[in-house]
Amino acid sequence: MNIDKDKNKEEFCELLRSTKREGVDDVIADLEDWGFFDAPASAGHHLNVEGGLTQHSINVCKASLMVYEGMSKLDPTVEKEVKRDHVIIASLLHDVCKADIYKKALKRKKNPVTGMWEDVPGWAISYKKFPMGHGEKSVINLLCSGLVMYDDEMLAIRWHMGAFGLNFNSYEDERCYDTARTLYPLCSIVQAGDSLAASIMEREAEDIDNL
């Protein structure tokens, strides 16, 4: 897959700046330093190519905005409870935690034609730079960058993985997750946008072949 990193970076920054949120330019500068715009979205799944993380973030933002607009028509209270710029902030920045965890590496992969295993370029993962989890790491990094954030944005980012982000040995985790989703519809909107982007917008023929 070929990704136009420069075009995506421009679109990402334009979307983020459209919120006119205080601290946005500082966040963009930090994302540049962290390698966000060059990073893949995953090591071996969706958009595991250079620039994949930016593409995924844009996809999630677009999907989340569509969910938001659709739900606002079905239930007018959604538009009163959730602001459009909050959807953009939370969806576009939900995965900034991934910016510094990937490094290029050789991976073993079976050639579908020859059936032989061979070395191919890929990605390895290391959490040693800041082992702070997933959604919570994104929130902390954004706050440290100086971004002004609201409760619903922080909680939507923290819980965007849904049940996959839960420690099922923690009653507190389960209660916090359920409470956040009940209080803030933005949590469900971003979670839905993330799932739709990864499973539909970023699905490739190879993903089906590997089933």
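**Buried sites, salt bridges and a surface patch**

At 2% relative accessibility, Gly-135 counts as buried in this predicted model. Gly-135 belongs to helix α6, which spans residues 135-145. When neighbours within four places in sequence are left aside, the residues in contact with Gly-135 are Ile-157, Arg-158 and His-160. A further spatial relation involves His-94, whose C-alpha atom lies 6.8 Å from that of Gly-135 although the two residues are 41 positions apart in sequence.

Arg-158 appears again in the surroundings of a second buried residue, Asp-173, which is found in helix α8 (residues 171-183). Asp-173 has no salt bridge, and the nearest side chain of opposite charge, that of Arg-158, is 4.1 Å away; because a salt bridge requires a side-chain nitrogen of Lys or Arg within 4 Å of a carboxyl oxygen of Asp or Glu, the separation of 4.1 Å between Asp-173 and Arg-158 does not qualify. The side chain of Asp-173 does, however, reach the backbone nitrogen of Asn-167, at a distance of 3.2 Å. Apart from neighbours within four places in sequence, Asp-173 is in contact with Arg-158, Trp-159, Gly-165, Leu-166 and Asn-167.

Elsewhere in the model, the count of salt bridges comes to 12. One of these joins Arg-21 to Asp-85, with the closest N and O atoms 3.0 Å apart. Arg-21 lies in the loop between α1 (5-17) and α2 (24-34), whereas Asp-85 lies in helix α5 (residues 84-92), so the pair ties together parts of the chain that are 64 residues apart in sequence. With regard to solvent accessibility, Arg-21 is buried, at 9% relative accessibility, while Asp-85 is partly exposed, at 22%.

Glu-50 and Lys-104 form another salt bridge, for which the closest N and O atoms are 2.7 Å apart. Since Glu-50 is placed in the loop between α2 and α3 (52-74) and Lys-104 in strand β1 (residues 102-110), this pair ties together parts that are 54 residues apart in sequence. Glu-50 is partly exposed, with a relative accessible area of 32%, and Lys-104 is exposed, at 60% relative accessibility. Both residues also belong to a network of salt bridges in which Lys-5, Asp-38, Glu-50 and Lys-104 are linked.

A salt bridge is likewise formed between Arg-108 and Asp-119, where the closest N and O atoms are 3.2 Å apart. This pair links distant parts of the chain, with Arg-108 in strand β1 and Asp-119 in strand β2 (residues 117-125), 11 residues apart. Arg-108 is exposed, with a relative accessible area of 54%, and Asp-119 is partly exposed, with a relative accessible area of 48%.

On the surface, a nonpolar patch is formed by Leu-196, Ile-200 and Met-201, which together have about 260 Å² of accessible area. Of these residues, Met-201 lies in helix α9 (residues 185-201) and is partly exposed, with a relative accessible area of 43%. Because residues enter a patch only with over 30% relative accessible area, the value of 43% for Met-201 is consistent with the place of Met-201 in this patch.

Technical notes. Residues numbered from 1 in each chain as written. Predicted model: local features only at pLDDT ≥ 70, side-chain atom pairs only at ≥ 80, totals over all residues. Heavy atoms only, no water. Patch = residues over 30% accessible without salt bridge, like charges linked within 9 Å, V, L, I, M, F, W, Y side chains within 5 Å. Areas by Shrake-Rupley, 256 points an atom, 1.4 Å probe, with all protein chains shown as cover. Helix = DSSP H or I, 4+ residues; strand = E, 2+ residues; numbered from the N terminus. Buried < 20%, exposed > 50% of the residue type's maximum accessible area, 1.4 Å probe, protein only. Lys, Arg positive; Asp, Glu negative; His and termini not counted. Polar contact = N/O pair within 3.5 Å; in protein donor to acceptor, adjacent residues only side chain to side chain. Contact = heavy atoms within 4.5 Å.
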